[in-house]
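Me: I want the labels on this model justified, one by one. Set each value against its cut-off.

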Amino acid sequence: MSRQVLIINITRMGDLVQTVPLLARLRHERPEVEVDLVVDVSFAPVAALLPGFRQVFAFNFHGLVDDSRAMAKDLVSLYADVEAWVKPLRDARYDRIVNLTFNRRSGLMASCIGAPDIRGVSVSADGSTLVRDPWMAYFTDLHHYRRLNRFNLVDLYALGGSGPGPFSPLAVTVPRKAAEWAKSFLRLAVRSISHSPALNVKPKLWIAVQAGASEAIKAWRPEYFGRTMAALSHRLRVGFVMIGTKQERGMVEEAIAAYRAAGGFSPLCNAVGQTTLPELAALLAECRLLLTNDTGPMHLAVGVGTPVIDLSVGHVDFRETGPYGPGHWVIQPDIDCAPCGFDHICFHHACKDRIDCDQVAELGLYTLHAGSFPAHATGIRLYESAVDEDGLADYVLRAGRSDPLTEWYGSFWRRYWFESLTRRPSRRAPLSTPAPDYEAAGQVFSRLQPLADQLVAEAEKLAQLSRQCPLPVKSLKEAQARFGEARQHAVRVAASSPAFGPPTVAFLREASNAEDEGLPALALAQLRACRVWRKRLAEVACLLGSVKKTEIGIEHVAGVDHSRPSSVPGFQPTVN
């Protein structure tokens, strides 16, 4: 067990806030553990709000990257700077490093600092990028089948950095000075209202509005925020606090213009670009609701206990990065392409137009206990955030419709990966109906099983040839060509199947995620990946057959009897 742990998280503000449950999980694993944090210097103010870290180390990583790209310093000088900064971390002799930044630069740092137990991205002796820990590896895989993923990023951090354990919420500490500033800011706003003849409505409560986002594709249209605010102002004595960065002022101004054009008459406080991060957290703590895109301030609001309504549009998938823990709402457009892929270029952004402003306002009133639940959900899916029986984040569909195939396999893979990677049974209710594509899945497996056997056989030949001395170069090339063709064929058959695509993605990553050196070791690692893949395919087939046959639920993976034949042709796997 680890006495000293170092967490590396140098990318985004929201990611930092999302590490707090990992800290709690590490303490559950070993109460006396000391945990340090590495951040980019620009996020040091956020790190200061997070409770429980022994020490925070800040470094100008973005400046380092800029210097290297602009060649402002020679390579030797850059390495000397990094070496000088890393040395005290290396001297600390950490027992575990949890690298939550998934890029090569952070992997080099993790390996340079060194620890007996490194989780997340690191590098091998030959400079290859490695992903250590099954949950961290799952994080890199899920982007290939995002719609089937049911694990929030916060839980993946905690599971990968520590392990399973009790639920722990996000938590942000608001400094007293910042809290006093926020109260004063709102008091001054109320005083200005009382002296303005145009505004005679003093707010009973405040709603924060984050109309901007770091990327336009992940932001609901600003004018829709304005119309929603106007609808709320007609029903409730409320004031609005506009938040965001200086770069988002244009979007905020659009929202304000739409608000006024729609007849909104409640007071507005414009705090855009005027707050420090501690002051922003304090201001969110004073509000009763945050209406927002998927942004860093959303996680700050969750951390200070303010309910959130998250407009999940574009390539944002709320199951990955939505508000964590109970008490929040997510609105997702009901459109086949939502969420789109990160590499997708959208020319219409039609998902944003599916969300009706009046329905968002109704949900806001309901969240504030000032109205009933929206009676009709048209064009949207409405989810309530929750915590499931395994202590993990969940999102429960409360209105709208969802795709039965996606929902079934989402639940299936949620249970499979939890049980497979933790080696403990899930407490969630088991599936009680067969997969909607059960017959088609059986046909896919009947094609896949001999292909998997062939792939293992080809990998065994490669492993045997790689151990010969001298190396039979010609035979190796021929065997590698046969292996490549067999793998390509098998992957093509499995890739589009929701039943067998996810383990195939894991196989492709595991086959190349080897830290072993030398041809024999690499060939053996490839063989192990092939065997694990074949075993997983058989496990999935057995589990699908179990649901179809018994209609009582999926059995624990470790307890599956792989020799038991299924009642449906095509589901009779043989495990070697």
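The turns below take burial, a helix, a surface patch and a pocket.

Reply: This is a predicted model, where local features need pLDDT of at least 70, side-chain atom pairs count only at pLDDT 80 or more, and totals for chains, interfaces and linings use all residues. Residues are numbered from 1 along each chain as its sequence is written, and side-chain values use heavy atoms, with hydrogens and water left out.

Me: Why is Thr-140 called partly exposed?

Reply: Buried means under 20% relative accessible area, exposed over 50%, and partly exposed in between (1.4 Å probe, protein chains only). Thr-140 has 24% relative accessibility, so it counts as partly exposed. Thr-140 sits in helix α7 (residues 134-141).

Me: How do you know that Val-473 is partly exposed?

Reply: Its relative accessible area is 47%, so Val-473 falls between the two limits. Val-473 belongs to helix α19 (residues 473-494).

Me: What makes α10 largely enclosed by the rest of the structure?

Reply: Ten of its twelve residues are buried, therefore α10 is largely enclosed. Among them are Pro-222, Tyr-224 and Phe-225.

Me: How does the span of α10 compare with the expected one?

Reply: The expected span is 1.5 Å times one less than the number of residues. For the twelve residues of α10 that gives 16 Å, and the helix reaches 17 Å from first C-alpha to last, close to expectation.

Me: How much space lies in the largest pocket, and which residues are closest to its centre?

Reply: About 1200 Å³ of space lies in the largest pocket. Of its 48 lining residues, Arg-12, Gly-14, Asp-15, Ser-214 and Lys-218 are closest to the centre. Lining residues have an atom within 4 Å of a point on a 1 Å grid.

Notes. Helix = DSSP H or I, 4+ residues; strand = E, 2+ residues; numbered from the N terminus. 1 Å grid on protein atoms, 1.4 Å probe; cavity = no way out; pocket = protein on both sides within 12 Å on 5 of 7 lines; lining within 4 Å. Points joined across faces, edges and corners; volume = space filled by probe spheres on them.
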